Amino acid sequence: MSSDGNKATQQLEQFGYKQELSRSVSTIDLIVYGLIFMVPIAPWAIYGEVYNLSKGMVPLVYVIGLVAMIFTALSYGQMAKAFPLAGGVFSYVGRGINPRIGFFAGWLMLLDYLLVPTLLYVIAAESMVGIFPGTPRWLWGLVFVAINVAVNLAGVASLKRMNRLFLAMELIFVFLFLFLGIKALMGHELPGAHWSIEPLWTPEYVTPALMASALSVAVLSFLGFDGISTLAEESTEGSKGPARAMIIGLFIVATLFIAQTWVASSLSGSFVEVPEDRVGNYFFDIVGAIAGTGIMKAFFLCNVLAVGIANSMAAQAATSRLLFSMARDGHLPRFLRHINHKKVPSNSILFVGAISALLVLVFAGQIGTMSSMVNFGALASFAMLHLAVLYYYGYKKRSRSVIHTLFPLLGFVIVGFVLINAGAEAHIAGGLWFCVGLIAFVINSRRGVDFSLPEELGHSA
């Protein structure tokens, strides 16, 4: 273990915890994990929907998304330095503001983390039905659940190997699309296709409401960089690793998003709304037009594997660490804190798998509903994270640095604006989940859970 890793282990003990997870994840591993979680090919599946919502300005949506998420990533990085713990926003808000508020931050993030694997399984299952018509959606969902549970139970080393393999596959297809797309544009192979600034800026279509609506969908593509923070107790570089990995990973994936969608939008020509029955496959239609049906099917299969296995695998790892951290502090049943001989939270992994399997049976085919619920949980917890930075650094530590005052304030405003403009479905689902969390909080309080943190353990090491 490096000197940073030893220091991080000592910091962990100062917070009152033992080093139970395997500290074997390098910063490169964290970046790879974050890229897999965010999925470099994420725009493919939602391209048609974002294209319609943004009036063809898909790259602009991802530029705005990068700006919004950079502020959030900086806030994560600052809190990771102060509290290098596995719980992510649960630990940061709980330690930075108040443990009771931290419980609700963790609970809201659970809405995102518990549902993200299910959403991915549902999307992948939908694609598999497209490849094998007539097969049941729920069956494919359960197959993907079983694969990802097995990989996560096999330990961090297995997870790292799979992450690198799938990332290589996705990057090959990204650069293949860029090559084919640029070649088609230069050769004028498609009628109306041309390089243009319009995908980045078409003044007559730009309105705050339109951008917020499109961004609420596109933000799904960026969800995942925050999952890096949940591996803080497994980082060989302590708090430095997650802080660096989040920023680097976010810039890499945003560059890939913007490049792909700019080429795709240029191939589409001037904006014409995509028919409803082609929205889900619009990106693949573009690939088929420039490369043929065989290549299009290869892209389709890559998307299924990336979503159903690679992305879901990373999501399940992050979710299990959040459950482990909340159970360790007594906010969730204690069996979820069990660590197996592979030094992974095996009971939490199995629990996430069981919940995902159940939800796949309930929500098969309901991608829109699942997306709305996931968005609400993530955005609400991001807003609380920004408040934690303002309170902990700005109020408690009296810091006047822009990274502790202006940046989290801007992040809070941007995230809050998108959250307010999310659909009614998202607000209803989020409100119901919050009420369930309130019931859980009351139950915890009545059974004597101590939400307080000893002062000597609650400071930054």
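**Reading spaces and packing**

Me: How do the residues of the lining of the second largest pocket divide into nonpolar, polar and charged?

Reply: That lining has 19 nonpolar residues, no polar ones and no charged ones. Keep in mind that this is a predicted model.

Me: How do I find such spaces at all?

Reply: Rolling a probe the size of a water molecule over the atoms shows where empty space is left. Here, the second largest pocket has a volume of about 380 Å³. Helix 6, helix 13 (346–363) and helix 16 (424–446) each give two or more residues to its lining.

Me: Which residues lie nearest the centre of the second largest pocket?

Reply: They are Trp107, Leu110, Leu114, Trp433 and Val436. Find those five in the structure above.

Me: Now the cavities. How many of 30 Å³ or more does a search of the whole structure find?

Reply: The search finds 3. The largest has a volume of about 80 Å³.

Me: Which helix supplies the largest share of the lining of the largest cavity?

Reply: Helix 8 does, with 5 residues. Helix 2 (27–38) and helix 8 (156–186) each supply at least two. Residues in the lining include Val25, Tyr33, Leu159, Lys160 and Arg321.

Me: How does the lining of the largest cavity divide by residue type?

Reply: Read it by class: 6 nonpolar, 1 polar and 5 charged. Asp29, Glu234 and Arg164 are among the lining residues. Set that beside the second largest pocket, with its 19 nonpolar residues and no charged ones.

Me: Next, the packing. How many residues does the largest nonpolar core have?

Reply: It has 148, and Phe177, Leu267 and Phe382 have the most contacts inside it. Helix 6 (residues 99–131) gives the largest share of this core, 18 residues.

Me: What is phenylalanine 382 in contact with, leaving aside its neighbours within four places in sequence?

Reply: Its contacts are Met69, Thr72, Tyr76, Met109, Leu223, Phe225, Asp226 and Val415.

Me: One last residue. Is asparagine 303 buried or exposed?

Reply: Start with the cut-off: buried means under 20% relative accessible area. Asparagine 303 counts as buried because its relative accessibility is 4%. Its place is in helix 12 (residues 293–328).

Me: Which residues is asparagine 303 in contact with, beyond its neighbours within four places in sequence?

Reply: Look for Ile41, Trp44, Ala45, Ser127 and Phe284 around asparagine 303.

Note on methods:
Residues numbered from 1 in each chain as written. Predicted model: local features only at pLDDT ≥ 70, side-chain atom pairs only at ≥ 80, totals over all residues. Heavy atoms only, no water. 1 Å grid on protein atoms, 1.4 Å probe; cavity = no way out; pocket = protein on both sides within 12 Å on 5 of 7 lines; lining within 4 Å. Points joined across faces, edges and corners; volume = space filled by probe spheres on them. Helix = DSSP H or I, 4+ residues; strand = E, 2+ residues; numbered from the N terminus. Nonpolar A, V, L, I, M, F, W, Y, C, P; charged D, E, K, R; others polar. Core = buried A, V, L, I, M, F, W, Y, C linked by side-chain atoms within 4.5 Å. Buried < 20%, exposed > 50% of the residue type's maximum accessible area, 1.4 Å probe, protein only. Contact = heavy atoms within 4.5 Å.
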